[in-house]
Amino acid sequence: MEKYLFTDGTNVNREVESREALLTLIQSSTDPLRIRIWVFNSSEWLSLAEFRKRSSAPIVKEIPPAIVVNPTVPQKQRKIPSIIKKGVAGLFAVAAIFLVYNFTRVSWHSASAVSVRAERPFNTPLTNVDSLIETIEWLRGQKLDKVTRTNLRIRNNWPDLLQLQLTAERDTSREGSRYYNLEISIDNSTGYHIDNAEVRISVWKDRRVSHTDTLSLEHFGYATPARRTVEGIYKGDSLSVSFSSIRSRAFNFCYSAEKKSNYGNYNDRWFCTD
């Protein structure tokens, strides 16, 4: 049975158990250019175009080599001296060691670089802020000031304004992929200073997170993206990146991936004054 992983940039990776289910997901996607498909027993994510191209390739069956029957060996053969026998045995031993070494060693090959963007977290759903502001103003019986409205919009829509991206170089082998020269970037378009952002890098192996690292980016603005390089080599099937927490006193914002809300107010769940 064929198995796949599927993502179109709007959801987490989905496991697909059949080609028919995969075609259903492809047809329901609103952005085919962002579709990526991981075919099990392979070592890379494929775009939709590359997947279709490879899926349409004909299957070529290997033809077994013809069996050659050796001519009858004469019954009387010349005896090989023992020293020659030992030499032949030694050559076979060396050849066997060479073959074992070549079949067991890991051979890495350069592959295309990867670029991964953080998905919108589940604890920050899309919100109709215009409707929310109208409701708040109706309940209070007065208009909200411009700064309050602006900050409310930013706190509810922060995943669209703080774009987190991970890039890395990649090598592949029969054992999987290894990633190096990692770089984290945050494109801040809130218009405010960010005091701290903690970022989590996750390494996936066999559809599970096998390793995580957390790093911080401190005190950055909105004129240019904040960047940080990550040392080391990560081995696995794929990488993902997400925010663990964010703090900005400039617009009273505290986000945490471990919470549903700071104070239980889901209309403005990430408001804080700490």
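A crossing of two helices is called left-handed if the near helix is turned anticlockwise from the far one by less than a right angle, and right-handed if clockwise. Keep that in mind for the first two close-ups, and remember that everything here comes from a predicted model.

**View 1. Helices H1 and H2 meet in a left-handed crossing.** H1 covers residues 19–28 and H2 covers residues 48–55. Their axes come within 13 Å and cross at roughly 150°. Angles over 145 degrees count as roughly antiparallel, so that is the label this pair gets. Which residues do the touching between H1 and H2? On the H1 side, look for Arg19, Leu22 and Ile26. On the H2 side, they meet Leu48, Phe51, Arg52 and Ser55. Sort this contact by class and you get 4 nonpolar, 1 polar and 2 charged residues.

**View 2. Helices H4 and H5 cross in the right-handed sense.** Here H4 (residues 129–140) packs against H5 (residues 146–156) at an angle of about 135°, with the axes 10 Å apart. Because of that angle, H4 is described as oblique to H5. H4 brings Val129, Asp130, Leu132, Ile133, Ile136 and Glu137 to the contact. H5 answers with Arg149, Leu152, Arg153 and Asn156. By class, the residues of this contact split into 5 nonpolar, 1 polar and 4 charged.

**View 3. The largest nonpolar core is put together from strands.** How many residues does this core have? The count is 29, and the ones with the most contacts inside it are Leu182, Ile184, Ile186, Val199 and Phe243. Strands giving two or more residues to the core include S6 (162–173), S7 (176–188), S10 (226–230), S12 (238–248) and S13 (253–256). S8 and S9 are on that list too. The largest share, 5 residues, comes from S8. Apart from this core lies another one, of 11 residues, with Phe6, Ile37, Leu46 and Phe51 among them. You've already met Phe51, back in the contact between H1 and H2.

**View 4. Now zoom in on isoleucine 186 and its neighbours.** Residues up to four places away in sequence are left out of this list. Earlier in the chain, isoleucine 186 touches Leu162, Gln163 and Leu164. Later in the chain, its partners are Ala197, Val199, Leu217, Phe220, Pro225, Ala226 and Phe243. Val199 and Phe243 may ring a bell: both are named with Ile186 among the residues that have the most contacts inside the largest core.

**View 5. Two residues with positive phi sit in the loop between S8 and S9.** This loop runs between strand S8 (194–205) and strand S9 (208–220). Aspartate 206 has a phi of about 55°, although it is not a glycine. Arginine 207, not a glycine either, has a phi of about 65°. Is aspartate 206 buried or exposed? Its relative accessibility is 57%, and since exposed means over 50%, aspartate 206 counts as exposed. Arginine 207, at 38%, counts as partly exposed.

**View 6. Serine 240 in strand S12 has serine 202 beside it in space.** The two serines are 38 residues apart in sequence, yet their C-alpha atoms are 5.2 Å apart. Setting aside neighbours within four places in sequence, serine 240 is in contact with Val116, Arg200, Ile201, Ser202 and Trp204. With a relative accessible area of 21%, serine 240 is partly exposed, because buried would mean under 20%.

**View 7. Finally, zoom back out to the whole protein, with its 6 helices and 13 strands.** Of the 274 residues, 31% are buried. Now take contacts between residues at least 6 apart in sequence: 60% of them join residues at least 24 apart.

Notes: Residues numbered from 1 in each chain as written. Predicted model: local features only at pLDDT ≥ 70, side-chain atom pairs only at ≥ 80, totals over all residues. Heavy atoms only, no water. Axes fitted to C-alpha atoms, helices over the stretch in contact; angles between N-to-C directions. Helix = DSSP H or I, 4+ residues; strand = E, 2+ residues; numbered from the N terminus. Parallel < 35°, antiparallel > 145°, perpendicular 65-115°, else oblique. Contact = heavy atoms within 4.5 Å. Nonpolar A, V, L, I, M, F, W, Y, C, P; charged D, E, K, R; others polar. Buried < 20%, exposed > 50% of the residue type's maximum accessible area, 1.4 Å probe, protein only. Core = buried A, V, L, I, M, F, W, Y, C linked by side-chain atoms within 4.5 Å.
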